[in-house]
Every structure is written in structure tokens, then in C-alpha cells.
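User: I'm new to reading models like this one. Could you pick a single part, look at it closely, and then show me how it sits among its surroundings?

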Amino acid sequence: MNLLWVVLLPLIGTLVPLLTERFGRNVCAFSVALLPAWSLILVLMHVGEIFDGEAIRQTIEWIPSMGLDLSFRLDGLSLLFLLLILGIGLLIILYARYYLSDKDSMGQFYAYLILFMSAMVGIVISNNMIQLWMFWELTSISSFLLISFWSHKPDARKGARMALTVTGTGGLALLAGLLLLGNIVGSYDLDTVLASGDLIRAHAAYPIALVLVLLGAFTKSAQFPFHFWLPHAMAAPTPVSAYLHSATMVKAGIFLLCRFYPALAGTDLWFMIVSLTGLITLLLGAYIALFKHDLKGLLAYSTISHLGLITLLLGLNSDLAAVAAVFHIINHATFKASLFMAAGIIDHETGSRDMRKLNGLMKYMPHTATLAIVAALSMAGVPLLNGFLSKEMFFAETLDQSMLGSLSWMIPLLATVGAAFSVAYSLRFIHDVFFNGEPIDLPKTPHEPPRYMKVPVEILVALCLAVGIFPAYLVGDLLHAAAFSVLANDVPMHSLSIWHGFNIPLFMSFLAMVGGITIYYNRRHLFEFQAQFNEPDAKYIFEGAVQSLIKFTQRIMATLENGSLQRYVFLMLLFTLVMSAYPLFELTQNAGSRPQLPIDGVAITAALLLIISAIATVIWHRRRFLSLIYLSVVGLIVSLAFAKFSAPDLALTQLSVEIVTIILLLLALYFLPQSTQKESSNRRLSIDLTVSALIGCVIGTICFAMLTTPLNSISDFFIANSKTGGGGTNVVNVILVDFRGFDTLGEITVLGIAALGIFKLIAKMRIYVPTRDDKGRPWTKDRHPLMLAMVSQSLLPLALLVSVYIFLRGHNLPGGGFIAGLITSVAIIQQYVANGVLWIKPRIKVDYQWLIASGILMATATGLGSWIFDKPFLSTWFDHFHLPWVGEFELASAMIFDLGVYLTVVGAVLLILANLGKLTTSERVDNKENV
Amino acid sequence: MEFWIELVVSVFLVAGAVFVFIGSLGLAKLPDFYTRLHAPTKATTLGMGGLLAASAILMTYQQGHLSLHELLITLFLLITAPVTAHMLAKTAMHHKLQITEKTVDKELSKRARERNTPT
Amino acid sequence: MLNTAITIATTLVCISLILNLWRLFKGPSRPDRILALDTMYINSIALIILFGIASGTALYFEAALLIAMLGFVSTAAMCKYILRGDLIE
């Protein structure tokens with residue numbers, strides 16, 4: 001069989017309700033149940049093998065080169081949980097069909113529910129820790145959606161957020177823990193990890209890994225002190241509570257404890273944390289449950305208490321206790337799910353969940369009442385019901401430990417106290433709701449629910465009874481198989497019978513019964529006692545904590561990220577200074593062994609110009625236009641330097657980028673004040689100056705050291721292979737379109753995205769358009785000086801010719817698509833400047849966005865083309881041809897790629913510049929006068 | 001290299017450079033913007049012609065075939081220099097830059113400026 | 001002889017560049033500065049051509065051509081900016 005399908009079928013099933021919702025409620029519910037049922041059948045087909053002690057594994061290669069596989073395993077524990085998840089899930093589907101009202105979106109509900117179901121299935125059959133964690137997180141998210149299903153209720157939203165925050169935080173801790181475990185073992189494979197228990201327990205990082213994993217488990221299973229989210233999650237529709245908060249989601253934490261039992265358990269640390277947490281949770285949950293007036297609230301705290309019981313058992317480090325824990329997982333799931341459903345029926349048919357109003361329902365809904373009473377008795381641990389059996393085992397185990405030394409006797413005592421409270425709240429559930437007089441102003445007159453709404457409850461209650469009477473016959477094998485995979489070795493002898501003779505556990509049960517009845521009869525005193533305390537509302541505490549966390553982060557953000565660009569640059573430079581200056585202290589010799597070039601007059605002149613203009617740009621930065629002119633000089637000199645030091649490609653690129661930048665800045669400058677006030681204090685200025693001077697010195701030193709040191713760079717490889725491998729003699733271009741073609745593809749994509757982003761940003765922008773320049777002179781009315789317009793037009797073909805020339809020769813001589821694209825853009829922008837948008841519009845009918853898209857597509861298609869020839873992405877092809885008249889010429893697929901680059905660059909530059917320019921066209925008052 | 005080619009190239013080079021220099025000197029020394037405008041746009045352009053001619057001759061000689069690159073640059077410069085000058089003159093008029101005292105026929109420039117002034 | 005001529009020419013162009021920077025500094029008006037920048041562009045072409053002659057290669061020709069072309073665009077754009085404020089309308 002295919003284990004993948006076990007999880008895949010429900011996952012596909014997530015979509016089913018969305019499609020079938022329109023065909024009515026019955027069809028929808030039925031179709032939803034189909035795929036999980038199929039999945040359940042797939043599982044059941046393998047029960048025999050599992051009971052024989054086998055584990056079924058399946059691994060599907062996903063990304064083999066990274067060691068990522070989809071890995072599944074089905075063993076006894078997984079089987080047990082799968083039966084709970086899928087079996088109870090199917091009952092919930094039936095139940096929800098009648099529970100949901102016409103106003104609720106059934107398809108949505110089922111979709112969330114099935115998504116959650118798939119996530120749970122994924123957790124229990126994962127054989128890889130990371131994969132398990134992914135499903136774990138998916139349960140957090142889908143349970144968030146389910147709890148907040150009635151999103152119009154503030155309680156539902158808050159409860160859902162709380163659950164997500166708590167379980168999500170735990171999920172992060174779990175991830176850290178799993179990564180740590182993977183690190184210790186050297187594998188994320190669960191089989192390997194579980195087999196390396198000794199290695200893990202001996203490792204120094206074991207305590208940390210243990211605590212992290214336990215954090216994940218405890219938050220999910222609502223263990224103290226993370227229990228507070230569960231009662232608030234009761235704002236969810238009852239089917240959700242019955243499913244998530246009795247049988248599945250909260251059991252995921254327990255599952256995790258069971259799953260990692262062979263790897264993590266068996267140490268004192270495990271005992272201390274797990275059993276004490278469980279004990280506290282058990283007592284706290286049982287105690288609070290008694291005081292809840294809300295039916296579901298009572299059940300929620302009871303769930304917390306029972307989860308604590310299971311945790312306590314797992315923490316005892318005894319094999320028999322683990323068996324008892326597994327047994328109680330089954331029992332708790334059955335009686336608690338049926339109780340939740342019964343509570344849902346009561347809520348549904350009476351309109352209230354308040355036990356102060358709900359009284360004497362036995363008369364109105366005898367059938368439901370009987371079912372609920374049986375389930376509640378099972379919860380109390382009454383003999384002949386399944387709850388009794390596991391509770392007996394629990395008592396026996398608490399007696400059989402000595403971990404707390406001379407204080408060990410306290411554990412059975414406290415366990416009995418907890419059980420007494422458990423009896424008390426079960427009694428309250430039975431007595432307060434079904435007897436105790438008449439109902440008090442209920443919104444609806446109580447009556448029995450629809451027939452089929454009771455079916456799931458009946459099935460579960462029947463199970464409670466059957467397991468309680470014939471335990472060994474019904475669940476013996478399952479329990480054995482599950483315990484076998486928890487313990488990862490032979491299961492100790494245990495007897496699943498009702499009668500073990502008169503022994504201490506029986507006596508403890510008896511004590512708990514008597515104690516529980518006593519507590520319930522004297523509940524008035526206890527309620528009065530409890531009323532003295534101001535019960536803290538977890539919601540307010542939680543919200544307060546979240547708010548203060550937000551305030552705290554806001555304070556940090558306000559200090560670090562206050563919107564001042566100067567500050568960011570300052571911090572960044574300071575950081576760079578510290579990081580880069582320190583290693584320089586150890587560098588004693590600046591100058592390397594490379595011979596230095598002689599200094600000539602041209603170099604001195606250029607350096608002089610560069611330095612002076614750079615300083616002038618800074619000094620006059622408040623007079624923006626002037627500063628821009630100096631900046632142009634800097635750019636010019638830099639490109640001259642590139643030319644001089646044998647980098648003609650760079651020189652060409654620098655020049656064209658320079659001009660595009662100037663035009664862009666001029667366009668922006670129009671909307672900005674021409675000069676700005678002095679805004680920095682002198683102190684600030686001196687600090688900034690010092691830092692930038694220091695940075696200059698450091699960077700200068702690094703540059704000098706690097707330039708004078710002979711380096712064995714990879715450039716030799718490119719120079720040697722450019723002609724033979726890429727078919728071009730211009731190494732720079734061959735690197736761009738061939739060796740590093742993938743980089744270039746990424747870069748032009750980024751360029752395209754940036755251009756589109758800018759376009760969308762400025763598309764709807766309305767900004768102040770100055771009518772006069774900074775000296776108050778009105779603008780001239782001559783919009784397009786005739787001479788400029790005419791000459792620009794006649795220069796256009798010449799400029800395009802140059803760009804074609806530069807493009808074509810790019811593969812062998814300086815040039816290429818990028819530079820050619822910039823030249824073309826500048827030539828067209830010149831037409832915009834000289835002739836205006838209106839003149840261009842009918843002449844260039846190209847949508848620049850399309851240009852970008854086609855450019856990127858063309859480059860990508862060239863890359864994909866190599867797949868046709870069974871070559872890796874972006875392999876280039878070139879060959880030399882001979883044609884009469886033309887002579888020998890070369891064709892290379894890289895040229896098409898380069899054409900894509902060209903188109904993208906042209907499209908991006910024009911999209912940005914032309915649209916920035918167009919901003920004003922419709923806005924200018926003086927235009928309207930003239931046109 | 002044959003002597004006469006070297007000679008011709010050298011003469012073109014030096015002459016061109018001198019004109020380029022004169023243009024820049026004029027830009028630095030002349031008294032007002034309108035006079036300054038003349039120097040680079042005329043002298044320097046001419047000087048560039050000289051330099052480019054020198055380059056063209058030398059390259060033609062060295063490569064053995066006619067070097068037309070320089071012609072393209074010359075063409076560009078010759079077309080663009082007057083437009084640049086024109087645009088700059090327009091901006092100067094727009095900014096109402098002062099003319100020097102020594103300029104003759106002030107009447108003409110005054111009339112031109114009045115015509116250009118927006119009402 | 002050619003080398004001497006190249007040296008003389010290069011020196012002259014370098015001095016020219018410095019003179020241009022001087023004008024750029026001095027101003028006093030914006031058109032003055034733009035004119036100085038434009039002259040710098042042209043002098044850079046001269047420098048590149050001289051460099052090409054000195055090294056005997058045509059590899060730098062495109063740079064010169066591009067400065068000639070783009071320098072004009074830049075100057076025209078700056079003039080348009082002063083005249084109209086808005087480059088593209």
C-alpha cells in the first residue's frame with residue numbers, strides 16, 4: 001500500500017466540500033466523508049501486519065540532491081492515532097452535518113476540518129522530524145481557522161489568536177529542539193533518531209533539546225502553565241471542540257511525548273519535568289473544572305486534567321506506566337469526544353451551556369441524557385466503563401515509583417485527590433444538567449436532537465461500555481502494538497481485566513469515589529471559598545502580555561528605525577568601520593609585491609578633478625543642482641579612469657548609467673526644493689565627518705592593499721575559456737551572457753520588477769508642480785526649442801545605429817545588450833526631452849511593460865531552449881558560418897539572450913523615466929494656457 | 001613610420017590641442033557669459049576636429065584601411081555644438097545674465113532680451 | 001616627434017580640464033557651470049583620443065563616441081531643466 005495516499009487522500013479531500021457544497025448538506029457531508037473513509041480503509045488493511053509487530057515504511061525521493069525525502073512510517077502508535085483521527089473524524093463529519101446551522105458556510109467548515117485532519121494524519125505517520133514539524137505547524141494554522149470559524153464573535157477571534165500564539169510559539173521551540181536532535185544524531189530520520197536514544201541522553205545538549213521538545217508538546221497539549229488557551233478555544237463550534245480538544249490536536253503533544261519516548265525518556269530530568277508538569281496540570285484542571293458553569297468550560301478543564309494524567313504517566317519512566325498512558329489516550333478520546341458532542345447537542349437544542357440554567361434535562365431528552373451520563377461516569381472512572389480501567393492502571397503506577405525519594409508517597413495521594421475532583425465534576429455534569437429540578441428560562445424548549453446527530457455519540461458511548469467490559473478482547477492487540485512502538489522494546493506483562501482482586505488501586509478508586517461524592521455534596525462551601533478569590537482571566541493577562549510585547553518591540557523599532565536615513569547610514573558605516581578596521585590592525589604591510597604604475601600628469605589631473613569634485617558635491621549638497629553638476633564630473637572622471645585602466649566595457653556602462661541617472665535626478669529635482677536648510681547641528685556634522693573620513697581611510701587602505709597584492713583570481717579561467725567555451729572574445733560580455741547567464745537572468749528580472757514597482761508607485765501620484773523656479777522666475781513658454789527638437793530628431797537614427805553597432809559587436813569587443821539598451825533608452829529619452837510626450841505617443845506605439853516582459857521571456861526561452869538539446873539550463877550554442885558576400889560570421893544563442901537583456905533594459909529605463917516625466921504633463925497650468 | 005605622416009599627425013595634434021586649450025582658457029578668462037560661450041563652442045570644437053583628424057590619419061595608416069570612426073565623432077560634435085550653444089544662450093537670456101560693459105551694439109542684445117522676456 | 005606632440009597635447013588638454021573645473025567653481029551663473037561641464041565632456045573626448053593614439057589601439061573609440069553623444073544629451077537636459085523645470089512634458 002501507499003502510505004503517501006493515507007495523508008494525500010484527506011489533503012485532496014480538503015477541496016471536496018468546496019465543490020460539493022452547492023449540492024446540499026447531505027451530499028456535501030457524504031462526499032466529504034468519502035476520502036477520509038478510503039484513507040481509513042487503507043490503514044485498516046494493514047492492521048494485521050502492525051499487530052504482528054511490524055512497522056511499514058515508505059520513502060519517496062523528493063529532492064535527492066539535498067537529501068530531502070518524503071518519508072512515512074506506520075507502526076502501532078501511528079495506527080492507534082490514525083484510528084482516533086480518522087474514526088472520530090468521520091463521526092464528527094456526520095455530527096457537524098446536523099450541528100451547523102444554515103447560516104454557517106458548510107463547505108468552508110468541512111474544508112478546514114479536513115485540512116486539519118490531513119495535518120494530524122501527517123504528524124502521526126511522518127518518519128522525518130522536519131516533515132513532522134511541517135504538519136505540526138499545519139495543525140496550528142488549521143486549528144486557528146477552525147476556532148475562529150465564527151469570526152464575527154470577538155471571543156472566537158481572541159481565543160483563536162491565543163491558541164495560535166501559544167501553539168505557534170511552542171512549534172518554534174519544537175523546531176529548535178528537533179534541529180538540535182538532528183544535529184546530535186546527524187540525521188532527521190525518525191528511525192535513526194529513535195534508535196539513538198543512548199547517544200542523545202549522553203549528549204551535553206540533551207537538556208536543551210529535551211526542554212525545547214517538551215515546550216512544543218506542552219503548549220500543544222495544554223499543560224500547565226500553557227493550559228490557558230484551551231478553555232478559550234471553546235469559542236469554536238462544538239464539533240471542533242469534540243474533535244480537536246478531545247481526540248486529536250491536544251493529543252498531538254501527547255503523541256510527540258510517546259513518539260520521542262525511546263529517544264528522550266528514561267532520565268531524571270525527563271521524570272522531573274514531565275511528571276511534575278503532568279501532576280500539576282492534573283490537579284489544577286480537575287479543581288478548576290468543578291467551578292465552571294459553562295458545560296464546555298467544565299469539559300475543557302477536565303480535558304486539561306486528563307491530559308495531565310497522561311503526561312504524568314509518561315513521565316514516570318516506567319514501561320507499565322507508558323502502557324497505561326496509551327490506554328488512557330484511547331479511553332479519554334472516546335468518552336471526551338462523546339461528552340463534547342452531548343454538550344453540543346444540549347447547547348443546540350436548549351440554546352444555553354450555562355449549568356445554572358440547565359436543569360432536569362432527563363425529562364426532555366432522555367436518550368441523549370442517558371448517553372451523556374454513561375460517558376460522564378466513564379470520565380469519573382466508574383467500573384465497567386473504560387475510564388475505570390485506565391484509572392486503575394494509573395493508580396497502580398503511581399504507587400509503583402520512588403522517584404521523589406522519601407516524598408514519593410505524595411504522588412499516589414495527590415493522584416487520588418485529583419481523581420476525587422474528577423468524580424466531583426463528573427457528578428456535577430450529571431446531576432446539575434440532567435436532574436436538579438427544572439430548567440431556568442432557556443432560550444429554547446429542550447427536546448431530542450435529530451436522530452442521526454445522536455449516532456456518533458451512541459457509537460462512542462457503546463465503545464466506552466464495550467471496552468470497559470471486554471478490554472482485552474477489543475483493544476488488547478491495539479494497545480500492545482502501540483505500546484510496543486512507544487517503548488521500542490518488549491511490552492511488559494499487563495492484564496487488561498476488570499477485576500484484579502482487592503488491592504490498593506481499587507481502594508484508591510473507592511476513596512476517590514467517596515471523596516468525589518463528598519466534595520460534590522459540600523460544593524456550596526467550596527464555591528464560597530473559591531468566590532473569595534479574584535479568578536484571573538487568562539484572556540486579559542494574555543492580551544496584556546501581547547500588548548506589552550508589542551509596545552516593547554515598538555520602542556526598540558523607534559530607537560533603531562526612526563526613519564532618519566542619515567542615522568541608518570551612520571550606524572551601517574560605524575558597523576562596517578568596526579568590522580573592517582579591526583583586521584587591518586594585524587596587517588603590517590600595506591603594499592604588496594605587485595609593481596606599481598608610474599604616476600603621470602594625466603593621472604594627477606584626473607585625481608585632482610575627482611577629489612575636488614567629490615568634495616564639492618558634499619560641500620554644496622544643499623544646493624542641489626550645483627551638487628548634481630559636480631556629481632556629473634565625478635561620474636565622467638570615473639569612466640575615464642575605467643577607460644584608462646583597460647576596462648572599456650565598464651567605461652561605456654558607467655557613462656550611459658551616468659546620463660540616465662542625471663536625467664532621473666533632474667526629473668525628480670523638479671518636484672523638490674532647489675536648496676535645503678542646514679538641518680544638522682555642528683556637533684552632528686563633526687561626528688559624521690569623522691566617521692566618513694575614517695571609513696575613507698579604511699576603504700582606501702583595503703583598496704591599496706588589494707591592488708598591490710598579486711591575486712590568483714578566477715579571471716584567468718574566464719580569459720582562457722571565453723573564446724573556446726562561449727564563442728566570444730569579449731570576456732566581460734561572455735561572462736554576462738554565458739558563464740554567469742543565470743545571474744544576468746536574475747538581474748534583468750529584478751530590473752523588470754523594480755521598473756514595474758516604480759511605475760505603479762508613480763502612476764497615481766499627484767504632486768505639487770512649481771510654477772516658478774527657485775529665484776521666482778516664471779518658466780519660459782518655449783516648451784520645445786525648435787533647434788533642439790530638429791537636431792534631436794536627426795540624431796536619433798545615428799544614435800540607434802551606434803547602439804545596434806555596440807550591441808552586435810558586444811560578443812567580441814566592448815559593448816553588449818546592457819550598454820546598447822542604455823544607449824537606445826537615452827536616445828529615446830532625448831526625443832522625449834526635445835519633443836515631448838505628445839509627439840512621441842503616436843510615433844512609438846510600444847508598451848514598455850510588454851517590452852520588459854518580452855525581454856525577460858526571450859532570455860528565459862533562450863535558456864530553456866538548451867533543454868531541447870538535453871543540455872543544462874542556459875547552455876549556449878555558437879558556430880561560425882560562411883556566406884558569400886558577407887564573409888565569415890558567427891551566430892550564438894547568447895545573442896538572443898543578449899537581445900532579451902537589451903529589450904528589458906530599454907523597457908525598464910523608459911518605463912521609469914517616461915512615466916516620471918509624464919507626471920506633470922496634465923498638471924501644468926501654463927501648458928493648458930498654451931495648448 | 002614615414003616621417004611625413006608623423007609630421008602631419010604631430011602638427012594636427014598640437015594644433016588641435018592648442019585650440020582646445022584656447023577654448024578652455026577663454027572659458028576661464030573671458031568677462032561675461034556671452035563671450036565665454038564663444039570659446040568652448042567654437043575654438044574647442046575646432047580643436048577637436050584637429051585631434052580627430054590626427055587620429056584618423058594615424059589609424060588609417062596603421063590599420064591599412066580607412067578609419068571612419070573619427071568622422072562619426074566629428075559629425076556628432078559638429079551637429080551638437082551649435083545646439084548646445086543655442087540652448088545655453090537661451091538659458092542665459094532666460095536668467096537675464098549681465099553683459100559686459102565692453103560689448104558693442106548693446107541695443108541689439110537689449111532688444112533680443114526684451115523679446116525673450118515672458119510677460 | 002609624435003611622442004613629443006602627444007605629450008604636449010595631453011598636457012594642454014589636462015590644463016584645459018583644470019581650467020574648466022575652475023570655471024565650474026567660479027560660476028557665477030548656472031549656464032556658466034553647465035557650459036563648463038559641457039566643455040569638460042569634450043575635453044574628455046580629447047583625452048581619450050590622445051590616449052588611443054598613444055597606445056595605438058581603436059578600443060577606446062566607443063567611449064569617445066559615447067561621451068560625444070551622451071554629453072550632448074546631458075547638457076540639453078540641464079538647459080531644458082533651467083528653462084522649463086520639467087524635462088519631459
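Analyst:
**A close look at chain C**

Along its sequence, chain C reads α-α-α. That makes three helices and zero strands in its secondary structure. Here, helices are DSSP runs of H or I with at least four residues, strands are DSSP runs of E with at least two, and both are numbered from the N terminus. Before going further, keep in mind that this is a predicted model, in which local features need pLDDT of at least 70 and side-chain atom pairs count only at pLDDT 80 or more, while totals for chains, interfaces and linings use all residues. As for labels, residues are numbered from 1 along each chain as its sequence is written, chains are lettered from A, and ligands are numbered from 1, in the order in which they are written.

How much of chain C is buried? Of its 89 residues, 76% fall in that class. A residue is called buried if 20 or more other C-beta atoms lie within 10 Å of its own, exposed if 12 or fewer do, and partly exposed in between, with C-beta atoms placed from the backbone. Now take the contacts inside chain C between residues at least 6 apart in sequence: 43% of them join residues at least 24 apart. A contact means that the C-beta atoms of two residues, placed from the backbone, lie within 7 Å.

**The side that touches chain A**

Let's turn chain C towards one of its partners. Chain C brings 39 residues to its contact with chain A, and chain A brings 49 residues. On the side of chain C that touches chain A, at least two residues come from each of α1 (2–26), α2 (30–55) and α3 (61–84). Which helix has the largest share of that side? The answer is α3(C), with 16 residues. Sorted by class, the side of chain C that touches chain A holds 27 nonpolar, five polar and seven charged residues. In this sorting, Ala, Val, Leu, Ile, Met, Phe, Trp, Tyr, Cys and Pro are nonpolar, Asp, Glu, Lys and Arg are charged, and the others, Gly among them, are polar.

**The side that touches chain B**

Now for the other partner. In the contact between chain C and chain B, 44 residues belong to chain C and 43 residues to chain B. Again α1, α2 and α3 of chain C are the elements that give two or more residues to the side of chain C that touches chain B. For this side, though, α2(C) gives the most, with 16 residues. The classes here come out as 32 nonpolar, eight polar and four charged residues.

**Looking out into chain A**

With chain C in mind, have a look at its neighbour. Chain A has 931 residues, and 46% of them are buried. Its secondary structure includes 40 helices and four strands. Among the contacts in chain A with a separation of 6 or more, 78% are between residues 24 or more positions apart.

Which residues have the most contacts inside the largest nonpolar core? They are A:Ile147, A:Leu313, A:Ala322, A:Val326 and A:Ala375, in a core of 203 residues. Such a core is a set of buried Ala, Val, Leu, Ile, Met, Phe, Trp, Tyr and Cys residues joined through C-beta atoms within 7 Å. Helix α18 (residues 319–350) of chain A contributes the most to this core, 19 residues. A second, separate core has 151 residues, among them A:Ala606, A:Ile659, A:Tyr848 and B:Ala56.

Two residues of chain A make a nice pair to examine. A:Leu903 sits in helix α39 (residues 893–918). It is buried because 26 other C-beta atoms lie within 10 Å. Apart from neighbours within four places in sequence, A:Leu903 contacts A:Leu851, A:Ser854, A:Gly855 and A:Met858. Its C-alpha atom is also 9.9 Å from that of A:Ser825, although the two residues are 78 residues apart along the chain.

What about A:Glu61, buried or exposed? A:Glu61 counts as exposed because it has 11 C-beta neighbours inside 10 Å. This residue belongs to strand β1 of chain A. β1(A) covers residues 56–63, and zero of its eight residues are buried. The C-alpha atoms of A:Glu61 and A:Ser71 are 8.4 Å apart, with their positions ten residues apart along the chain.
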